[in-house]
Amino acid sequence: FISWKFNLATFGVNALAGFIILPFIRLFFDKVLIPKTDLNSAIQNDRNVAAGLLEMTVLVCFAVILFFTMDFSLNF
């Protein structure tokens, strides 16, 4: 803990970066990794559980990588 101002500002920057980057990762995953199908329709209309689990896994893994990247950058 450094100060309330510094820690809240750092949290705000990190949260904003996460809110901006995560939707782009989902679009990247939807258009580049699975280009022949629409992920939204596969999950909603077809009730494809595997597509939902695959999307969840990619987003959670990227969120963990993003967390440790931001946490690591704060330590230096």
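Biologist: Let's start with the two phenylalanines: are F67 and F68 buried or exposed?

Modeller: Happy to, and keep in mind that this is a predicted model. To count as exposed, a residue needs over 50% relative accessible area. F67, which sits in helix 3, meets that description, and F68 does too. So by this cut-off the label for both F67 and F68 is exposed.

Biologist: Nice. How are the rings of F67 and F68 arranged, stacked or edge-to-face?

Modeller: The count of aromatic pairs comes to one. In that pair, the ring centres of F67 and F68 lie 5.1 Å apart and the planes meet at 70°. Planes over 60 degrees apart fall in the edge-to-face class. The pair is therefore edge-to-face.

Biologist: What accessible area does the nonpolar surface patch with F67 and F68 have together?

Modeller: Besides F67 and F68, the patch takes in V49, L53, M56, V60 and V64. Helix 3 covers residues 49–74, and F67 is placed in this helix. Taken together, the patch residues have an accessible area of about 690 Å².

Biologist: Now for charges: how many salt bridges does a search of the whole structure find?

Modeller: One is formed by E55 and R26, whose closest N and O atoms are 2.5 Å apart. Another joins K31 to D30, with 3.9 Å between the closest N and O atoms, and the cut-off is 4 Å. The search of the whole structure gives two.

Biologist: Which helices hold E55 and R26?

Modeller: The E55 and R26 salt bridge has its closest N and O atoms 2.5 Å apart. It links distant parts of the chain, with its partners 29 residues apart. Both residues are buried. E55 belongs to helix 3, and R26 to helix 1.

Biologist: And in the bridge of K31 with D30, which residue is buried?

Modeller: Buried means under 20% relative accessible area, and exposed means over 50%. K31 has 54% relative accessibility, so K31 counts as exposed. Its partner has a relative accessible area of 4%. The buried residue is therefore D30.

Biologist: How far does helix 1 reach from its first C-alpha to its last?

Modeller: Helix 1 runs over residues 4–33 and has 30 residues. Among its buried residues are T10, G18, I25 and F29, whereas N14, also in helix 1, is partly exposed at 23%. At 1.5 Å a residue, 44 Å would be expected, and the reach is close to that, at 41 Å.

Technical notes:
Residues numbered from 1 in each chain as written. Predicted model: local features only at pLDDT ≥ 70, side-chain atom pairs only at ≥ 80, totals over all residues. Heavy atoms only, no water. Salt bridge = Lys/Arg side-chain N within 4 Å of Asp/Glu carboxyl O. Helix = DSSP H or I, 4+ residues; strand = E, 2+ residues; numbered from the N terminus. Buried < 20%, exposed > 50% of the residue type's maximum accessible area, 1.4 Å probe, protein only. Patch = residues over 30% accessible without salt bridge, like charges linked within 9 Å, V, L, I, M, F, W, Y side chains within 5 Å. Areas by Shrake-Rupley, 256 points an atom, 1.4 Å probe, with all protein chains shown as cover. Phe/Tyr/Trp six-rings, centres within 6.5 Å; stacked < 30°, edge-to-face > 60°. Expected span 1.5 Å × (residues − 1).
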